[in-house]
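Please read these notes with the structure open beside you. They go from the whole chain down to one helix.

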Amino acid sequence: PDNGNDSSSIYPTLSHLGHALYKNKELKLASESYLESFNIQASIVIGEENRDLEGFSKKMRSIEDEILSLDQSGEDTSELSSALGGIANILRYIGLVNQELGDFEQALYVNKLSLSVRLLQPFKEYSAIALMAETIAMFEFKLKKFEQALDYFNQALQAKKELQGDVTIDVARTV
């Protein structure tokens with residue numbers, strides 16, 4: 001809630017606090033700090049208060065529509081792309097905390113949401129897309145969902161090819 005303060009200056013501190021709590025193995029508190037940071041960032045992007053991951057997930061289509069509208073009108077989308085990158089990053093951290101807490105289903109959900117946000121970015125960050133796709137592939141593989149794992153490994157490979165070209169050590173490592 002906005003009580004006259006600029007909440008956009010708070011979310012980086014909440015993220016940093018989450019990192020410190022995570023490193024100190026205070027996982028529940030880290031999760032709360034990350035989620036609060038996420039909700040502020042998501043609220044800024046969607047233009048209304050965001051309270052949870054599922055609410056944001058439901059707004060993804062409207063964000064995509066906004067990006068298309070900005071592109072068609074020739075407006076600069078770099079600020080929105082950067083904001084989406086910040087959201088994807090904090091989702092990744094939430095996924096790490098969930099994984100550490102042993103909630104693999106929620107960790108997988110959050111990582112998939114992070115990848116979806118990365119894919120929405122007008123300016124693609126292929127290294128981040130590859131990281132998230134490969135992370136999800138490993139989860140799917142451990143869950144013995146081999147077809148899904150293959151799909152995500154291929155997505156990681158494609159992102160690395162976009163980033164580095166076809167002939168690199170990193171691309172070969174993913175195969």
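The points below cover the fold, its dimensions, its surface and one helix.

1. The model is a predicted one. Its protein has nine helices and zero strands. Read along the sequence, the pattern is therefore α-α-α-α-α-α-α-α-α.

2. How does the radius of gyration fit that of a compact globule? For 175 residues, such a globule would have a value near 16 Å, and the protein has 17 Å, which agrees. The C-alpha trace spans about 50 × 45 × 25 Å along the principal axes of the protein.

3. Of the 175 residues, 38% count as buried; here a residue is buried if its relative accessible area is under 20%. Turning to contacts, take those in the protein with a separation of 6 or more: 53% of them come from residues 24 or more positions apart.

4. The area exposed by the protein is about 10100 Å². Carbon and sulfur atoms supply 51% of that area.

5. Which charge has the higher count among the side chains? The protein has 27 negative side chains and 17 positive ones. The centres of these two sets lie 8 Å apart.

6. Helix α2 can be checked for its length. This helix takes in residues 27-46, which makes 20 residues. From its first C-alpha to its last, α2 reaches 28 Å, close to the 28 Å expected at 1.5 Å a residue.

7. What follows α2 in the sequence? The residue there is Gly47, and its phi is positive, near 80 degrees.

Key
Residues are numbered from 1 along each chain as its sequence is written. This is a predicted model: local features need pLDDT of at least 70, side-chain atom pairs count only at pLDDT 80 or more; totals for chains, interfaces and linings use all residues. Side-chain values use heavy atoms; hydrogens and water are left out. Helices (H or I, at least four residues) and strands (E, at least two) are DSSP runs, numbered from the N terminus. The radius of gyration is taken over C-alpha atoms; the globule rule is 2.2 Å times the number of residues to the power 0.38. Buried means under 20% relative accessible area, exposed over 50%, partly exposed in between (1.4 Å probe, protein chains only). Contact means heavy atoms within 4.5 Å. Accessible areas come from the Shrake-Rupley method with a 1.4 Å probe; for residues, only the protein chains shown count as cover. Lys and Arg count as positive and Asp and Glu as negative; His and the chain ends are not counted. The place of a charge is taken as NZ of Lys, CZ of Arg, CG of Asp or CD of Glu. The expected span of a helix is 1.5 Å times one less than its number of residues.
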